[in-house]
Amino acid sequence: MTTRKICAVLSLIAFSLAGPVAAQVLPDAAVDADYEVTNPAEVRLGQLLFYDAILSGNQNIACATCHHPTLGTADGVSLAIGDGGIGLGPDRIVDTDNPPEERIPRNAPALPVI
């Protein structure tokens, strides 16, 4: 018996021993009415502020620096380099001309979708 046939027989045996599997009821598909109505001007303002460094203490880092959409709204590293860094995501390094005063040992978790 070939390896392929043995694998097929073992798969069939394992499937038959597993017993019946209960199907889960899937939720209804999302429709436009499921979402809150948004004000386009407020959405645009939020987007501008998210990418603007004006909200940071020394105005050199934006929310998107550590919570970037291309990195799943996280920073892609295990220990964040916020203030005093150069670059984005895994390529972000400490700026030797402006090192952080104190590095806080935490990461930048992904932002929840609301």
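**Pocket, patch and two unusual backbone angles**

The largest pocket here is lined by 15 residues, and I81, G82, D83, I104 and R106 are the ones that lie nearest its centre. Keep in mind that this is a predicted model. Besides the pocket, there's a nonpolar patch on the surface, plus positive phi values at Q59 and T73.

**The largest pocket**
- The space inside the largest pocket comes to about 350 Å³.
- Sort its lining by class and you get seven nonpolar, five charged and three polar residues.

**The nonpolar patch**
- Five side chains to look for on the surface are I6, V9, L10, I13 and L17, which together make a nonpolar patch of about 470 Å².
- One of them, V9, sits in helix 1, the stretch covering residues 3-18.
- Is V9 buried or exposed? V9 falls in between: its relative accessible area is 39%, so it counts as partly exposed, since that label covers values between the 20% and 50% cut-offs.
- That 39% also puts V9 over the 30% relative accessible area that patch residues need.

**Positive phi outside glycine**
- Q59 isn't a glycine, yet its phi is positive, near 55 degrees.
- To find Q59, go to the loop that runs between helix 2 (40-50) and helix 3 (63-66).
- T73 is another non-glycine residue with a positive phi, this one near 60 degrees.
- Look for T73 in the loop between helix 3 and strand 1 (85-86).

How values were computed. Residues are numbered from 1 along each chain as its sequence is written. This is a predicted model: local features need pLDDT of at least 70, side-chain atom pairs count only at pLDDT 80 or more; totals for chains, interfaces and linings use all residues. Side-chain values use heavy atoms; hydrogens and water are left out. Patches are made of residues with over 30% relative accessible area and no salt bridge: like charges are joined within 9 Å, nonpolar side chains (Val, Leu, Ile, Met, Phe, Trp, Tyr) within 5 Å. Accessible areas come from the Shrake-Rupley method with a 1.4 Å probe; for residues, only the protein chains shown count as cover. A salt bridge is a side-chain nitrogen of Lys or Arg within 4 Å of a carboxyl oxygen of Asp or Glu. Helices (H or I, at least four residues) and strands (E, at least two) are DSSP runs, numbered from the N terminus. Buried means under 20% relative accessible area, exposed over 50%, partly exposed in between (1.4 Å probe, protein chains only). On a 1 Å grid over the protein atoms alone, a cavity is a set of points where a 1.4 Å probe fits but cannot get out, and a pocket is an open set with protein on both sides within 12 Å along at least five of seven lines; lining residues have an atom within 4 Å of a point. Grid points are joined across faces, edges and corners, and a volume is the space filled by probe spheres set on the points. Ala, Val, Leu, Ile, Met, Phe, Trp, Tyr, Cys and Pro count as nonpolar, Asp, Glu, Lys and Arg as charged, and the others, Gly among them, as polar.
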